[in-house]
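Colleague: I'd like a close look at one single part of this model, taken slowly, since I'm new to this. Could you pick a strand and walk me through its surroundings?

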Amino acid sequence: MTAPGTVAVTQVPMNDLSLQHAAIRQEIDAAVADVIGSCGFILGPRVKAFEEAYAGYCGVEHCVGVSNGTDALILTLRALGVGPGHEVITTPHTFGATGEAICHVGARPVFVDVEDAHLCLDPELVEAAITQRTKVILPVHIYGHPADMTALRQIADRHNIDVIEDAAQAQGARQGQATAGSMGRAGCFSFYPGKNLGAFGDAGGITTDDEALATRLRSLRNHGMPLAGPKFHYDELGYNNRMDGLQGAVLGVKLPHLEGWNEHRRQIARRYAERLEGVGDLQLPAEAAGARHVYHLYTVRTQQRDGLAEFLRGVGVSTAVMYPMPLHLTDAYAFIGDGLGAHPVSEEACRRILSLPIFPEMADDTVDYVADQVRSFFAN
Ligand SMILES: Cc1ncc(COP(=O)(O)O)c(C=O)c1O
């Protein structure tokens with residue numbers, strides 16, 4: 001490793017998928033060859049097999065493979081009858097897709113601030129935001145840490161509304177014994193390549209125990225065609241939101257490795273914590289009692305975020321700010337009318353967050369290098 005003060009030769013990326021793929025290349029090649037051989041390019045047996053395996057992994061009855069995580073959210077809201085005149089409570093501290101999906105079905109996002117410890121939707125603020133128009137609470141398991149689903153479900157049950165998990169960043173996260181995707185009416189996943197479980201392109205999935213919902217989702221993803229019955233008959237207006245056979249094949253190969261990969265992420269997080277606890281004003285990611293954080297991102301907070309990012313860039317360490325602005329302060333959501341100060345915890349977090357490199361194949365000495373560089377920034 002490069003000693004402080006010398007020219008950096010080490011380059012640490014945020015993620016390096018080529019390492020992951022090298023380890024499973026033969027399995028992937030065989031699965032892809034099978035799809036090509038069978039010409040099962042859209043849905044098909046590999047997608048079906050993955051859906052069954054992923055439903056089992058999450059501990060639910062059904063998984064519906066779709067085109068990406070954004071479409072997973074849109075289809076689920078649509079299938080639950082959410083539309084014009086309805087409100088969906090969600091967090092402003094998320095990727096744009098969460099709010100976008102609500103708007104694209106014609107409903108209105110109602111942003112509620114996050115709690116400070118994990119930056120997930122704050123249950124203590126949710127109840128006051130519920131109105132006659134509220135149909136769904138849509139928490140996001142941000143960075144791989146589960147939102148407090150127990151508290152959110154209790155509130156939802158009191159008001160007879162649904163909870164849908166945006167679990168795009170949280171494959172394998174748990175609260176108690178429950179896995180992300182099994183804790184609400186439905187769980188929406190992204191299998192974007194860089195996710196803890198990632199495809200070789202866009203892909204997504206919806207998990208649920210609700211058979212009628214799963215059936216409607218399977219029809220909606222395929223132009224509203226009934227699952228059984230005459231072809232080119234349309235029960236309702238649907239979409240082309242099917243998962244590709246090749247993505248199902250890749251995901252099917254990767255799924256058995258997910259637990260091991262998540263464990264490695266957790267080991268890296270522990271190693272960072274051992275080296276960074278008490279350094280400068282750093283606030284390290286926390287794990288709620290009984291929760292299993294799967295560290296899609298290892299996000300620290302500091303008042304000196306921009307300086308730290310700049311310093312790390314100089315010594316070859318990539319970082320990311322996810323996300324630099326809460327949704328309510330972006331131009332796309334100006335129509336909501338939530339100005340600066342409306343959601344102070346999210347706003348303050350966006351000024352201080354910085355994600356450090358984390359991926360399962362990251363070697364211990366690379367983790368130590370990053371931690372050493374962070375320490376030397378604060379030492380100076
Ligand atoms: C929290 C969250 N929700 C939704 C999505 C959308 O997923 P996709 O990119 O597969 O459409 C993402 C993707 O990054 C995400 O991070």
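Modeller: Sure, let's take strand 4, and keep in mind that this is a predicted model. Two bridges link strand 4 to strand 5, which covers residues 162-166, and the two run parallel. To find a spot where they meet, look at Ile137: its bridge partner in strand 5 is Val163. Between these two strands the chain passes through helix 7, residues 149-159, and this β-α-β crossover is right-handed.

Strand 4 also pairs with strand 2, residues 87-90. Here there are four bridges, and again the strands run parallel. Thr90 is a handy marker, as its bridge partner in strand 4 is Leu138.

So is strand 4 itself buried or enclosed by little? It spans residues 134-138, and five of its five residues are buried, so the rest of the structure largely encloses it. Buried here means that a residue has 20 or more other C-beta atoms within 10 Å of its own.

Now zoom out a bit. The domain assignment splits the protein chain into domain 1 (21-256) and domain 2 (257-379). Their C-alpha centres are 25 Å apart. Where the two touch, domain 1 supplies 34 residues and domain 2 supplies 30. On the domain 1 side, the elements giving two or more residues are helix 5 (96-104), strand 3 (108-111) and strand 6 (174-175). That side of domain 1 is a mix: 15 nonpolar residues, 13 polar and six charged.

Key: Residues are numbered from 1 along each chain as its sequence is written. This is a predicted model: local features need pLDDT of at least 70, side-chain atom pairs count only at pLDDT 80 or more; totals for chains, interfaces and linings use all residues. A residue is buried if 20 or more other C-beta atoms lie within 10 Å of its own, exposed if 12 or fewer, and partly exposed in between; C-beta atoms are placed from the backbone. Two strands pair if DSSP finds at least two bridges between them. A crossover is right-handed if, with the strands pointing away from the viewer, the path from the first strand over the helix to the second runs clockwise. Domain bounds come from an automatic or database domain assignment. Two residues are in contact if their C-beta atoms, placed from the backbone, lie within 7 Å. Ala, Val, Leu, Ile, Met, Phe, Trp, Tyr, Cys and Pro count as nonpolar, Asp, Glu, Lys and Arg as charged, and the others, Gly among them, as polar.
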